[in-house]
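Biologist: Before we discuss particular residues, I would like each descriptive word to be set against its definition. Could you show me the model and take the terms one at a time?

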Amino acid sequence: MDWMPLLPVRSLYDSFDAPVTPFDCGALCRVHNPTGKPFCCDICHAVPAVYAQEWAYLAPRTDLWHVWRGDECPTPPEAVDELRAQTPDSMILLACLGPAHCQRPYRSISCREFPFFPYLHSDGRFLGLAVEWEYEPTCWVISHLQSVTPQYRREFVAFYDRLFAVWDDEMEAYAARSEELREHYAALRRRAPLLHRNGADYWLSPTSERLTKLPAGRAFPTHGVYQE
């Protein structure tokens, strides 16, 4: 579906522009990456995917991005093929000039939402922000969810409310991603963190989808190199 006439890309970018934290969280994770880059800005760790409509907007306006070739990192060919196969037809894999040359007005939606995705209950309700669990060992934010600003949370929710209102297929895609989250945490016998759209923080049971509010003064656990 071409949602661009309904939701112009520049309008979406302007309405979803708040930083995740009130400080540069990349400075706190880059020290653990041998390349010296924040993990989210290092395509050897995370390859951004953009909507085709986004690329049509970005390509003539900025030199920040180029189409991902698959040879920028020492990635096995089979992994490159798998990533391409997993990328929906509506999206394009990109690479950028790197964090030292970031042009913030032209950050992609995938950059703005990282490390989160919209969590949908099995009954279809959009409940809030879930984490991209693959990045638990490396992403500082996932180990410090209490640092995510209320403004960022509001803008994230408002953005996906607008997108889901006009694009059913994308809502279905995130419903499938939410099901993957439940399967992942169920296999680990762990609950998943959820930053609810109501502003509170909850533990989500992956089997019953029961929400348990995080007690006041408590924080979600840390992971990987950030473990206390």
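Modeller: The chain has 7 helices and 8 strands, where helices (H or I, at least four residues) and strands (E, at least two) are DSSP runs numbered from the N terminus. This is a predicted model, in which local features need pLDDT of at least 70 and side-chain atom pairs count only at pLDDT 80 or more, whereas totals for chains, interfaces and linings use all residues. Residues are numbered from 1 along each chain as its sequence is written, and side-chain values use heavy atoms, with hydrogens and water left out.

Biologist: What makes the chain as compact as a globular protein of that length?

Modeller: The radius of gyration, taken over C-alpha atoms, is set against the globule rule, which is 2.2 Å times the number of residues to the power 0.38. For 228 residues the rule gives 17 Å and the radius of gyration of the chain is 17 Å, so the chain is as compact as a globular protein of that length. Along the principal axes, the C-alpha atoms fill a box of roughly 50 × 40 × 35 Å.

Biologist: What percentage of the residues count as buried, and what share of the contacts joins residues 24 or more positions apart?

Modeller: Buried means under 20% relative accessible area, exposed over 50% and partly exposed in between, with a 1.4 Å probe and protein chains only; by that rule 47% of the 228 residues are buried. A contact means heavy atoms within 4.5 Å, and among contacts with a separation of 6 or more, residues 24 or more positions apart account for 69%.

Biologist: Why is the pair of F114 and Y135 called edge-to-face?

Modeller: Rings of Phe, Tyr and Trp (its six-membered ring) pair if their centres lie within 6.5 Å, and planes under 30 degrees apart count as stacked, over 60 as edge-to-face and the rest as tilted. The structure holds 20 aromatic pairs. In the pair of F114 and Y135 the ring centres are 5.0 Å apart and the planes stand at 70°, so the pair is edge-to-face. F114 lies in the loop between α5 (109-113) and β4 (116-120), and Y135 in the loop between β5 (126-131) and α6 (150-166), so the pair ties together parts that are 21 residues apart in sequence.

Biologist: Which of the words buried and partly exposed belongs to F114, and which to Y135?

Modeller: F114 has a relative accessible area of 17% and is therefore buried, whereas Y135, with 21%, is partly exposed. The rings of F159 and Y160 have centres 4.7 Å apart and planes at 90°, so this pair too is edge-to-face, and both F159 and Y160 are buried. F159 and Y160 also belong to one aromatic cluster, whose members include F16, W133, Y152 and Y174.

Biologist: What kind of peptide bond joins F114 and P115?

Modeller: The bond is cis, with omega about 10°, and P115 is placed in the loop between α5 and β4.

Biologist: What makes the phi values of R189 and E209 worth listing?

Modeller: R189 is not a glycine, although its phi is positive, about 55°; E209 is likewise a residue other than glycine, and its phi is positive, near 65°. R189 is placed in the loop between α7 (168-188) and β6 (192-196), and its relative accessible area of 80% makes R189 exposed. E209 is in the loop between β7 (201-204) and β8 (211-213) and counts as buried, because its relative accessibility is 12%.

Biologist: How do you know whether H196 is buried or exposed, and which residues does H196 touch?

Modeller: H196, found in strand β6, has 12% relative accessibility and so counts as buried. Leaving aside residues up to four places away in sequence, H196 touches L127, G128, R153, Y202 and L211. H184, in helix α7, has a relative accessible area of 25% and is therefore partly exposed.

Biologist: Why is S90 called partly exposed?

Modeller: The relative accessible area of S90 is 26%, so S90 is partly exposed. S90 lies in the loop between α4 (77-86) and β3 (91-96) and touches V50, Y51, A52 and W167, not counting residues up to four places away in sequence.
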